[in-house]
Amino acid sequence: MTRRSWAEPWRIKMVEPLPITTREQREKAIVAAGYNTFLLQSDDVYIDLLTDSGTSAMSDHQWAGLMEGDEAYAGSRSFRHLCEAVADVYGYPETIPTHQGRGAEHILSQVLITPGDVIPGNMYFTTTRFHQEHAGGRFVDVIVDEAHDTEALHPFKGNVDLAKLQAVIDEVGAERIPYVSVETNVNMAGGQPMSLANLEATYDLCRRHGILVMLDATRALENAWFIKQREAGYEDWSVADLVRRICSFSDGATVSSKKDNLVNIGGFLAVRDPEIAREARSLLVAFEGLHTYGGMSGRDMEALARGIREMVDGDDHVRARVGQVEYLGDLIHKAGVPIIRPVGGHGVFIDAAKVLAHLPRDEFPAQALTAAVYVDSGVRGMERGIVSAGRDPVTGDHHRPRLELVRLAIPRRVYTQSHMDVVAESIGAVYETREQIRGLRFTYEPDHLRFFQARFEPIA
Ligand SMILES: *Cc1c(COP(=O)(O)O)cnc(C)c1O
């Protein structure tokens, strides 16, 4: 059979010109930014792969929704549309709107966690773990070991290790575990999915012990696509049915709508239990806003309601979304550059420890490689390694995560295939001259979440 190309199920109606800079300008810009891509001005960035959070392009139907949003303080029609979309697409009867994902994590953690509790989860996410600990809980990682191995070609590197979970339950007792925090398409593992079989088994194990399962369903759509591709028996399912099926093995979910849901801001907590919903709403009015808008304007809720339906309106959107990420990953892999494989749902993760094997970890290879890629082409990625991991508060030494990565996160419906070609060519060019890249040292190290604002200089 001859190969037939697929393409994006949309065309471009409005364009946003991109800044084109010279190498000389970029060399100045990276020095001014202290070799930290978070400190670059977006006007100095050509292709921005810093994050896929809040960077999606909305459809004409969503933009029209902005005009039609109902800004009533109480009882907004747009809130009703949001609740209906969440109930239809995710299957949860109770929706609590928040300003973004971490707002939902905050409310959920405050409602369910008592100081001293333990919350097992499949790898941590920064804000999720923060709110669990802020509520007095302790997070314990129960993801499968393959998640930490960049080369293990496991189809479901996001799976919960049931033996690890059982061991935590045996050790601390089910009554100390208010819920298990299960993330779909695990972000920090590189956008790696879990299987439905694993999620169902996790849910069954928790039910036997009277423990709730709360999803971080931020990336449930991308996970659904991987299940369709990789898990026997689901080839013919629609992603709409698979998202519903995923959520059926849970008691509720927090969602950052800045990802799958195709909006620039927003999020929600959704649950089945009306009593949990009642407690959440009473906290919501103190921390976010009235229960019929949480942290969002009416127009934001309208665009979100439409984005939720649009993401599962046929499989073509997610096929193109994940297809574009895989396209870029394949190009970079074929250029011989070591990346996390299989390629995940939202970005390509380059193994900087391998690329810059001549640099010790304390000279921040991923930070240095991210800066070098920017100087080469104006492509902005992000460090996910020793700088992001921060310091151990007790010993004062760096945390040393096993993974030392440059993340290239792809915004949804924003860039074209030619942009991906440019990115891959730049990565290839930097890889050819990798031995010239020097290590970095701090000139300024913030006390908290240091990766956002740290400054560096090259080591002579
Ligand atoms: C982005 C993200 C969050 C946090 O959501 P915000 O909207 O940034 O507050 C939580 N979990 C996952 C998996 C995410 O990707």
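A salt bridge is counted here when a side-chain nitrogen of Lys or Arg lies within 4 Å of a carboxyl oxygen of Asp or Glu. The structure is a predicted model, in which local features need pLDDT of at least 70 and side-chain atom pairs count only at pLDDT 80 or more, while totals for chains, interfaces and linings use all residues. Residues are numbered from 1 along each chain as its sequence is written, and side-chain values use heavy atoms, with hydrogens and water left out.

**Salt bridges**

A search of the whole structure finds 32 salt bridges, and three of the pairs are listed below with the distance between their closest N and O atoms.

| Acidic residue | Basic residue | Closest N and O atoms |
|---|---|---|
| E94 | R281 | 2.9 Å |
| E222 | R321 | 2.7 Å |
| D362 | R400 | 2.6 Å |

Helices (H or I, at least four residues) and strands (E, at least two) are DSSP runs, numbered from the N terminus. For accessibility, buried means under 20% relative accessible area, exposed means over 50%, and partly exposed lies in between, with a 1.4 Å probe and protein chains only.

E94 forms a salt bridge with R281, and this pair links distant parts of the chain, since E94 is in strand β2 (residues 94-98) and R281 in helix α10 (residues 274-287), 187 residues apart. E94 counts as buried at 17% relative accessibility, whereas R281 is partly exposed at 24%.

E222 pairs with R321, and here helix α8 is linked to helix α12 by residues that are 99 apart in the chain. E222 is buried with a relative accessible area of 1%, and R321 is buried as well, at 4%. Both belong to a network of salt bridges that also includes D52, R219 and R412.

D362 forms a salt bridge with R400; because D362 lies in the loop between α13 and α14 and R400 in the loop between α15 and β12, the pair ties together parts that are 38 residues apart in sequence. D362 is partly exposed at 38%, and R400 is partly exposed at 43%.

**Helix α12**

Helix α12 (residues 316-334), which holds R321, has 19 residues and reaches 26 Å from its first C-alpha to its last, close to the 27 Å expected at 1.5 Å a residue, the expected span being 1.5 Å times one less than the number of residues. Its buried residues include H317, R321, V325, L328 and I332, and what covers the buried residues of α12 includes α8, α11 and α16, where contact means heavy atoms within 4.5 Å. Just after α12, G336 takes a positive phi of about 90°.
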